[in-house]
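Visitor: I am new to this structure and should like to be guided through it. May we begin once it is displayed?

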Amino acid sequence: MQNQEALMEDGEMESAMSIPTLECDDWAKFGDDDIMQQQSAIQAEEAKKVLFVGDKEPLSTLAAEYQSGSSIMIEKIKVLDEHYAAIRRTRGDGNCFFRSFMFSYLEYILQSQDQEEVERIRANIEKCRKTLQSLGYAEFTFEDFFTLFLEQLECVIQGKETSISHDELVLRSRDQSISDYIVMFFRFVTSGEIRRRSEFFEPFILGLTSTTVEQFCKSSVEPMGEESDHVHITALSDALGVSVRVLYLDRSSCESGGVSVNHHDFIPVAGELPNASVLSPTNKPFITLLYRPGHYDIMYPK
Amino acid sequence: MQASRARLFKEYKEVQREKAVDPDIQLSCDDSNIFKWTALIKGPSETPFEGGVFQLAFSVPEQYPLQPPQVRFLTKIFHPNVHFKTGEICLDILKNAWSPAWTLQSVCRAIIALMAHPEPDSPLNCDSGNLLRSGDVRGYQSMARMYTKLAAMPKKG
């Protein structure tokens, strides 16, 4: 594997050097397939470092990362430490928001056995299915992903033949054939919601990329590995009716002197009232994510 | 593996049902291997490829549809985004912009669109790309038309 990688690196250099002479034929040997193979080799390398979903770790491991770094970060982690007990890391493969959301949500259902919530999300998932159909998506392109998520949802409910333990949930979240399918389910749901309410999302998308809503969904929502932004979070939260709290950990500091950690609650819009998103006991977020520029992990309140 | 097989079987049924809808695309699966497909696509009208029929070879990976199919032109074609020797295609949806929302059929449609709208700034065929980038549309069209005649049209008589 390593030899192969070294070869490909050489190959890339050669082809880069041959640009001025316009000797394109050499490129045949180093086609896009090779580049994609190299990419998956890099991904495999990355996979060894962080699992799709890691183990629960005490917050001290987060502090340890910044020990010789920014003092603002160290101060902020102290603030977090007052309210949060643990962190669960996810792999930085561009799917970390969806993967964190998946694990947090299923873990909440497994631990709370909140039947009402399960019924509610099932109803919303059916709406998402109809949305995609009405947008012209062929059913067979997304149904497998929907089915797999609904199966996992069924499995975390206890007292049935299909019930799974918390350990099994962790294992499944690390199993690519399940984990990636659920990430893709969320990507379909997110894309459908953005396109269904394209007028609402358009200005936010223009601010991010200056493309059309449809193009944004095709290039930045549906493909695996495309990173999520507040647009994705808003859309997913609205579509499934699930609140998400995001804590922002970065080097920004406020003028007043004291250090605080900003958070934002994504509260789904309620029914037909677009501005009815008020924090009430029923939609208090049970998913808390930690955002550091470019990455999301899962947080556990005390 | 099982998931990709199931998905491809659904696509196969869809292709049979929709045969009449898209007369420009004839997609068929290898009799003994559902991971190998070929397509015959018609060159789009008002392009140098008009009148030609081009054969594509699909090789579908086991991780399909999370990963894209590999597609190549088997018929020789003079186009900035197709490698002249290998038939490799430079198209974002076959690379990092792939998503399971695409199907083998819609990939064929995207390739037909690429034939009509070449992207000379990311060429796999530099000679072809350079003609377009230097503004020699006539030169590009006559080369492309010549190869269409030589390689993509049935021989008369």
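Visitor: How many residue pairs are in polar contact across the interface of chain A and chain B?
Guide: The model is a predicted one. Pairs are included when both residues have a pLDDT of 80 or more. Across the interface of chain A and chain B, the number of residue pairs in polar contact is 3.

Visitor: Which element gives the most residues to the side of chain A that touches chain B?
Guide: The elements of chain A that give two or more residues to this side are α2 (32-49), α7 (139-156) and α9 (176-196). The greatest contribution, 5 residues, comes from α7(A).

Visitor: How many nonpolar residues does the side of chain A that touches chain B have?
Guide: Chain A brings 24 residues to the contact, and chain B brings 30. By class, the side of chain A that touches chain B has 9 charged and 2 polar residues, and its nonpolar residues number 13.

Visitor: Which residue forms a salt bridge with A:Glu143?
Guide: The rule finds 2 salt bridges across the interface of chain A and chain B. In one of them, the closest N and O atoms are 2.9 Å apart, and the partner of A:Glu143 is B:Lys10.

Visitor: In which helix of chain A is confidence lowest?
Guide: Chain A averages a pLDDT of 86, and 82% of the residues score at least 70. Over residues 1-25 of chain A, however, the pLDDT is below 50. Where pLDDT is low, the predicted coordinates should not be read in detail. Confidence is highest in helix α5 of chain A, at 98, and lowest, at a mean of 42, in helix α1 (residues 2-17) of chain A.

Methods:
Residues numbered from 1 in each chain as written. Chains lettered and ligands numbered in written order. Predicted model: local features only at pLDDT ≥ 70, side-chain atom pairs only at ≥ 80, totals over all residues. Heavy atoms only, no water. Contact = heavy atoms within 4.5 Å. Salt bridge = Lys/Arg side-chain N within 4 Å of Asp/Glu carboxyl O. Polar contact = N/O pair within 3.5 Å; in protein donor to acceptor, adjacent residues only side chain to side chain. Helix = DSSP H or I, 4+ residues; strand = E, 2+ residues; numbered from the N terminus. Nonpolar A, V, L, I, M, F, W, Y, C, P; charged D, E, K, R; others polar. pLDDT = per-residue confidence, 0-100.
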